[in-house]
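Colleague: I am new to this model and should be grateful for a close look at a single part of it. Please begin with the chain as a whole, and then go through one sheet strand by strand.

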Amino acid sequence: MTRPIRIGNCSGFYGDRISAAREMVDGGGIDVLCGDYLAELTMLILAKAQAKDPSVGYAKTFLTQVEDVLGSCLDNGIRIVANAGGLNPAGLADAIRAVAEKLGLDAKVAHVEGDDLRGSLSAITPEVVGKPVSANAYLGGWGIAQALAAGADVVVTGRVTDASLVVGPAAWWHGWGATDWDALAGAVVAGHVIECGPQATGGNYPFLDEITDRRYPGFPIAEVAADGSSVITKHDGTGGLVSVGTVTAQLLYEIAGPAYLGPDCTTHFDTIALAHEGEHRVSISGVRGSPPPETLKVALNDAGGYRNTMTLVLTGLDLEAKAAHAEQLLFEVLGGRDRFAEVDVRLLRFDTPDAPSNERATAHLRVTVKDPDPRKVGRAFSNATMELALGGYAGFHTTTPPTAESAYGVYRPAAVPRSAVTQTVVLPDGERRTIPDPPTSDAPVRVKPRSGEVPRAQGAVSRKVPLGAVCGARSGDKGGNANIGLWTRTDEAYGWLREFLTVERARELLGPEAADLRLDVHELPNLRALNVVVHGILGEGVASSTRPDPQAKGLGEYLRSRLVEVPIDLIPG
């Protein structure tokens, strides 16, 4: 048995806190500094950058962080692992070598490639039509593990799963094999918790009263043991909170059913056990794993066309009539709605009767148009809204001046057989090694969930309160779908929530936009949680979505705000 490996996160997305790398390295002892820079939208952003300059296509902010901490990491034996390579991990590896040379440092740099399928689309299902701007398979952590075993100080990858940034280092440190399913699954869970940085340490947490240190949260650390169990913590003296609640919230982020499919194993989230271990320390244990599926997930991004949005402000009386009048006049000026490939018009109400201030008497009419032709949706569209300034409704004004068009992308999920993907690690000395696939399963593998009897809610007397009085929520996007993880703090509250929140009740509470969509409700009694998956609510993904909240970040808080009848013995206070 070896001591646990301490893996500190310094990034949850491309554009996250630049100083987090320095803070993590200086804040205390860690063995690995990792960072997640890739999201579905990020791949589209990097593809646009690479189209202008083929030498880039990676996350440039990571290079800035490396320059800041590389010397300290080498002095202290800290390895650096990140997926910041994006569409050009080899290019990023070369750029890191150049930084090291400039600093007078001898850094051994390796990279992992093979995820980019733009040159080999034929094996992807559904069949790929056209030429996507990005097509990436989600690789696992074994390329990272081999690079570290070969002595790499820095390992950069393209599109690996977010959790692979923890799985790879943990597998290397503890000498795991490809069939150590439970240990690998435990590392997947630890990686899932820390992948989004301070979301595990009090960021975006709904119970603000639990966070007594309101400074910017410290970034999270996973201490992963040889059996795959872990402790989630943060550096002493940093802001935020690590609790069973904050870890539960992040566990429920961007998941679907209890069987979490990955390239290295299938992780069964219904076997996770959490426990408070001390101040800002939460243990994760009991995680069960099983073989991964025979296919790898693929993220495709297409160039969708061009879009533009103008927001018209409505004030005071007769807002619905003003909105209808404005919409009719605007499309009359534009020559009709059918001139555009897609039109989305939303009346967003913020007004209150007899408002005590001008701002609280307003609503927004948000008009979005899309088309393959940028000329139709550019200034020709936004300038047309200005024709309503003197000939439209009373009180007309807009939130912005006329704007130009912007390109948008369309996200498509897909799959590819493992045999069509070659994961390759390029070691510091230039040696190329092919990473073999682990044993797989073509059928779901069942493991015994960690459940126990769920108590029924007691008491017939109820009161109408916000749903959030008895549960927390965290929501996010997965392609065109959204998930809302809801959890309670007591067994009794979970017993009530499990009975109350049926598919139809969730549909009713989410309102008209969910009326015709497929909803799933998955139970995770070990976490006192339900996970609601709303299929298709984000259309063709975040880059294309016309929702005001295109990543569904606020959907969970909206659900918590809805008034429902709750037994009074479950209502805190």
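Modeller: In this predicted model, the chain has a radius of gyration of 25 Å (taken over C-alpha atoms). A compact globule of 573 residues would have a value near 25 Å, so the chain agrees with that expectation; the globule rule is 2.2 Å times the number of residues to the power 0.38. Along the principal axes, the C-alpha atoms fill a box of roughly 75 × 65 × 45 Å. Of the 573 residues, 55% count as buried, that is, under 20% relative accessible area with a 1.4 Å probe, protein chains only. The area that the chain exposes is about 23,600 Å², of which carbon and sulfur atoms supply 51%; this comes from the Shrake-Rupley method with a 1.4 Å probe.

Contacts (heavy atoms within 4.5 Å) reach across the sequence: among those between residues at least 6 apart, 75% join residues at least 24 apart. The chain contains 15 helices and 26 strands, which are DSSP runs numbered from the N terminus (helices H or I, at least four residues; strands E, at least two).

The part chosen for the close look is an open sheet of four strands, ordered β22-β23-β25-β24 and paired in the antiparallel sense. Its edges are β22 (472–478) and β24 (519–524); each has a single partner strand, so one side of each is left without a neighbour in the sheet. From one strand to the next, the twist averages 20°. Pairing requires that DSSP find at least two bridges between two strands. At the β24 edge, β24 and strand β25 (residues 529–534) are joined by six bridges and run antiparallel. Within that pair, Leu-519 has Val-534 of β25 as its bridge partner.

A helix also belongs in this picture. Helix α14 (residues 503–510) packs on the sheet and touches β23 (481–487), β24 and β25. The direction of α14 makes about 120° with that of β24; axes are lines fitted to C-alpha atoms, for helices over the stretch in contact, and angles run from 0 to 180 degrees between N-to-C directions.

As for conventions, residues are numbered from 1 along each chain as its sequence is written. Local features need pLDDT of at least 70 and side-chain atom pairs count only at pLDDT 80 or more, whereas totals for chains, interfaces and linings use all residues, and side-chain values use heavy atoms, with hydrogens and water left out.

Key
Buried < 20%, exposed > 50% of the residue type's maximum accessible area, 1.4 Å probe, protein only.
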